[in-house]
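Student: Please take a close look at the largest nonpolar core of this chain. I would also like to know what lies around it, including the aromatic rings and the loops.

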Amino acid sequence: MIFVHVMVTWLYIDQYFTRFYFNVSFHQINLIPFKTLGNVYAITELPGVYWKQFIGNLLLLTPLGYFVLRLRIVEGAWKAFLFVFLFTMGIECLQFIKSIFISGGRSTDIDDVLLNTLGGLLGIAAYYIIQKISSIKKEKQQSVQIRGS
């Protein structure tokens, strides 16, 4: 999963969203929430680019939020949220380090942290929704078996 994230983030999105469409300074940090997304929305003539970036960042770590609970890497929603948040912060820190030491590095952006963490929360919510549906089905099966006996 980490390998896929690195491939998508550092190779594909780097080329597609920044270098191709915008002449962006790569040695920057954006700490103003939704500034980059607002700039992308205002600058781009292709609205699909904005939505791809928004939805891509939102869904990127959704599986992580789900699987840290499903695989019991952590227990509980709060710990899963913290795990996803720290994972996202780690990604952004690596991007910052890469931008310092490797030319053509990525920028560090609070928008990525917010959207990736929100996506992780979607995965956490999906886990609990699936667990609830599963427990309701089990209860129904048990009540049918008791009636049938």
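Tutor: Buried means under 20% relative accessible area, exposed over 50% and partly exposed in between, with a 1.4 Å probe and protein chains only. The model is predicted, so local features need pLDDT of at least 70 and side-chain atom pairs pLDDT 80 or more, while totals for chains, interfaces and linings use all residues. Residues are numbered from 1 along each chain as its sequence is written, and side-chain values use heavy atoms, without hydrogens and water.

The largest nonpolar core (buried Ala, Val, Leu, Ile, Met, Phe, Trp, Tyr and Cys residues joined through side-chain atoms within 4.5 Å) consists of 11 residues: Leu61, Leu64, Tyr66, Val68, Leu69, Val74, Ala80, Val84, Ile91, Ile124 and Tyr127. At least two of its residues come from each of helix H4 (62–70), helix H5 (77–101) and helix H6 (110–148); helices (H or I, at least four residues) and strands (E, at least two) are DSSP runs numbered from the N terminus. The largest share of this core, 4 residues, is from H4.

Val84 belongs to this core. Once its neighbours within four places in sequence are set aside, Val84 has contacts (heavy atoms within 4.5 Å) with Leu64, Gly65, Asn116, Thr117 and Gly120. Another core, of 6 residues, lies apart from the largest one, and Leu37, Val40, Leu58 and Leu115 are among its members. Val40 sits in helix H2 (residues 35–43) and is counted as buried because its relative accessibility is 7%. Between the C-alpha atoms of Val40 and Gln53 there are 8.9 Å, although 13 residues separate the two in sequence.

Now the rings. Phe, Tyr and Trp rings (six-membered ring for Trp) pair if their centres lie within 6.5 Å; planes under 30 degrees apart count as stacked, over 60 as edge-to-face and the rest as tilted. This rule gives 7 aromatic pairs. One of them joins Tyr66 and Phe67, which are edge-to-face because their centres are 5.0 Å apart and their planes stand at 90°. Tyr66, a member of the largest core, has a relative accessible area of 17% and is therefore buried. Phe67, at 38%, is therefore partly exposed. Phe83 and Phe87 form a stacked pair, with 6.4 Å from centre to centre and 15° between the planes. These two residues of helix H5 are 4 residues apart, so about one helical turn separates them. Phe83 is partly exposed at 28% relative accessibility, and Phe87 is partly exposed at 22%. Tyr66 and Phe67 also belong to one aromatic cluster with Tyr127 and Tyr128; Tyr127 is another residue of the largest core.

Next come the loops. Most residues other than glycine have a negative phi. Arg72, which is not a glycine, has a positive phi of about 55°. Arg72 lies in the loop between H4 and H5, and its relative accessible area of 59% makes it exposed. Phe34 likewise has a positive phi, near 65°, without being glycine. Phe34 is in the loop between strand S1 (29–30) and H2 and is partly exposed at 46% relative accessibility.

Arg106 occupies the loop between H5 and strand S2 (108–109). At 8% relative accessibility, Arg106 is buried. Its C-alpha atom is 9.2 Å from that of Leu94, 12 residues away along the chain.
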